[in-house]
Amino acid sequence: MAGFLRTEAGKGLALSAPASLYVGLLVAAPLGILVAYSFWTQTYVEIDKTLTWANYLEAATDPLVRHLMLRSILIAGAVTMATVALAYPIAYFIAFRTQKKTLWLLLITIPFWSSYLLRVFSWKLILGFNGVMNSALISMGVITEPLTFLLYNEFAVVLTLAHAWAPFAILPIYVSLQKIDRSLLEAATDLGLTKLERFIRVTLPLTVPGIIAASLIIFIPTVGDYVTPSLVGGSQGKMVANLIQVQFGPANNWPLGATLSLVAMASVGFVAILFVILATAMGRRIR
Amino acid sequence: MSTPVSEPLNKPLSAAASKSRRRPLRFPWLLAYAIGYLIFLYLPVLLLPLFSFNDGTIVAFPMKGFTLKWYAQLGEQDTLLQAMVNSLIVGAVTALVATSLGLFAARAFVRYRFKGRELSEGLVMLPLVIPGIIVASSMLVLFISLGLKPSLTTVILGHVFVALPFAVSIMKSAFDDFDQSLEEAAFDLGESVIGTFRRVTLPIVAPGIVASLLVTFTVSFDEFVLAFFLSGNQPTLPVYIWSQIRFPAKLPNTLALGSLLLLASVLLLLTAEYFRRRSAKSA
């Protein structure tokens, strides 16, 4: 043992073990217990530990669960698309149209060094019925009645999260743009491609890995987001995380909550894998 | 949330940039878009401080006048001060533990080639991609099953988990730029293993350690969902703010508190960025 610890492999394992064991244990152990809970049932204050599929049946048949699950995935998809679409031109601008790259990257990341909860809260104040946006538009004479479509719906959730995730989209896309060999672009121009053709057939396919990375980083946490749907989603914008929180909080039905967490995680994984396969195939297609 | 800023990879002017320079009359659409986007990014962040000085309880235009009273009232609220103390304790312990774990792991990943290195490197990044609600709910179930009541301890255990990827990646870049031959020279000159680590390795990666401490502290200080599930009756600041958001009468105080937190986070992370760059330069 002591001899092994003096070898390269031994030192590496010994040094990295605390961190990887910590993460490994805190992923595996809670997951195992979550799985166990999902097969139990809640009877008032007690947990009935007879194994049953009842929770999964309830999750599969309850229209509310299906509705919230589907809506969470659709909203997360919309958030991903909106964030990536809004971020791409910025990443392109920083990579190709400015020399002050470091300054721009810094400017873009600074707002995200602040509390996520507070940023979402701020959007609630901006979009509210008597909020900043409406009062500003009214005092400028643009509108006479407050706009009601701003807050408490899917739009507010998508807008808030497109803001919250901005650097997570900009940075990977910027890196993939920056990696493009500039001589490829010159070659495309020399071969007679117009600017648009060059973008669609050369630049865009080469940034597919960046787009995939950005999409996954955004999509996965968004499906399970709790704060934004709670603060700006209203009843139209509630998502599956709100339902999970209710089971662990007020409803006090942990087995059902555990089941919902696992179903949510499985659905996220499934959609994410499907997306990677599709996006990779499309990236090859364009070329 | 913090995102490390990557340095520009290639310096030479791109073909596209030099082309647009030759035609100065063309309207710079992309630049205009970029500026508009910056306004969108900064609007919510600057709004809280702006209205925290407003002499009125409603957050709307026109503004009423300048006041500092919302800030002055913060000092009188005992539950707020207790939450602040809780957050400081959780943040400090989280920063120390996550940075120590990250320091050793990063050293192993950069310095040694061993079986399972890639698996282990992937594993420590995993907390970044698991939805918060799932981490929070599953940890709550685990800790209760183990007989650990929700408290600051459980919050710390959770925060170390989410802060670890940040610590590892900062420490990895600190070790990346580290010149191996310095350690070998120290050995050759008769230093012990511990002596070499303390007198050669540590001083060189110290800026990286400071950056990691500051970033992991801020990650913990700003984290809400895990603390919401795991803090029991010992709220951290974000959990306290969450409880105050519901009361319109408390709104101005919440704005003032929020502004102070924004300022603290930005200052901490700018300092961290300064140290991170210094560690990259000194190597």
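**View 1. Helices α4 and α9 of chain B meet through a set of listed residues.** In this predicted model, the α4(B) side of the contact consists of B:S87, B:V90, B:G91, B:A92, B:T94, B:A95, B:A98, B:T99, B:G102 and B:L103. Across from them, α9(B) offers B:I209, B:S212, B:L213, B:T216, B:F217, B:S220 and B:F221. Sorted by class, the residues of this contact are nine nonpolar, eight polar and no charged.

**View 2. The axes of α4(B) and α9(B) cross at roughly 135°.** Here you can follow α4 (residues 78-111) and α9 (residues 193-222) of chain B, whose axes come within 8 Å. Are the two helices parallel or oblique? With angles over 145 degrees counted as roughly antiparallel and 65 to 115 as roughly perpendicular, α4(B) and α9(B) are therefore oblique to each other. Their crossing is right-handed.

**View 3. Chain A and chain B touch through 83 residues from chain A and 78 residues from chain B.** Which helix gives the most to the chain A side? That is α2 (residues 8-38) of chain A, with 21 residues. The side of chain A that touches chain B has 56 nonpolar, 19 polar and eight charged residues.

**View 4. B:L164 sits in the largest nonpolar core.** This core has 162 residues, and B:L164 is among those that touch the most other members, together with A:A91, A:A169, A:I170 and A:I173. Neighbours within four places in sequence aside, B:L164 is in contact with A:A19, A:Y22 and A:V23 from chain A. From chain B, its contacts are B:A98, B:L101, B:G102, B:V124 and B:P127. Two of these names may ring a bell from View 1: B:A98 and B:G102 also belong to the α4(B) side of the contact with α9(B).

**View 5. A:I217 lies in helix α12 of chain A.** This helix covers residues 208-223. Is A:I217 buried or exposed? Because it has 20 C-beta neighbours inside 10 Å, A:I217 counts as buried. Look also for A:P172: it is 45 residues away from A:I217 along the chain, and the C-alpha atoms of the two are separated by 9.7 Å.

**View 6. Chain B has 12 helices and zero strands.** Stepping back to the whole chain, the pattern along the sequence reads α-α-α-α-α-α-α-α-α-α-α-α. Of the 283 residues in chain B, 45% are buried. Among contacts in chain B with a separation of 6 or more, 81% join residues 24 or more positions apart.

Terms used. Residues are numbered from 1 along each chain as its sequence is written. Chains are lettered from A and ligands numbered from 1 in the order in which they are written. This is a predicted model: local features need pLDDT of at least 70, side-chain atom pairs count only at pLDDT 80 or more; totals for chains, interfaces and linings use all residues. Axes are lines fitted to C-alpha atoms, for helices over the stretch in contact, and angles run from 0 to 180 degrees between N-to-C directions. Helices (H or I, at least four residues) and strands (E, at least two) are DSSP runs, numbered from the N terminus. Angles under 35 degrees count as roughly parallel, over 145 as roughly antiparallel, 65 to 115 as roughly perpendicular and the rest as oblique. A crossing is left-handed if the near helix is turned anticlockwise from the far one by less than a right angle, and right-handed if clockwise. Two residues are in contact if their C-beta atoms, placed from the backbone, lie within 7 Å. Ala, Val, Leu, Ile, Met, Phe, Trp, Tyr, Cys and Pro count as nonpolar, Asp, Glu, Lys and Arg as charged, and the others, Gly among them, as polar. A nonpolar core is a set of buried Ala, Val, Leu, Ile, Met, Phe, Trp, Tyr and Cys residues joined through C-beta atoms within 7 Å. A residue is buried if 20 or more other C-beta atoms lie within 10 Å of its own, exposed if 12 or fewer, and partly exposed in between; C-beta atoms are placed from the backbone.
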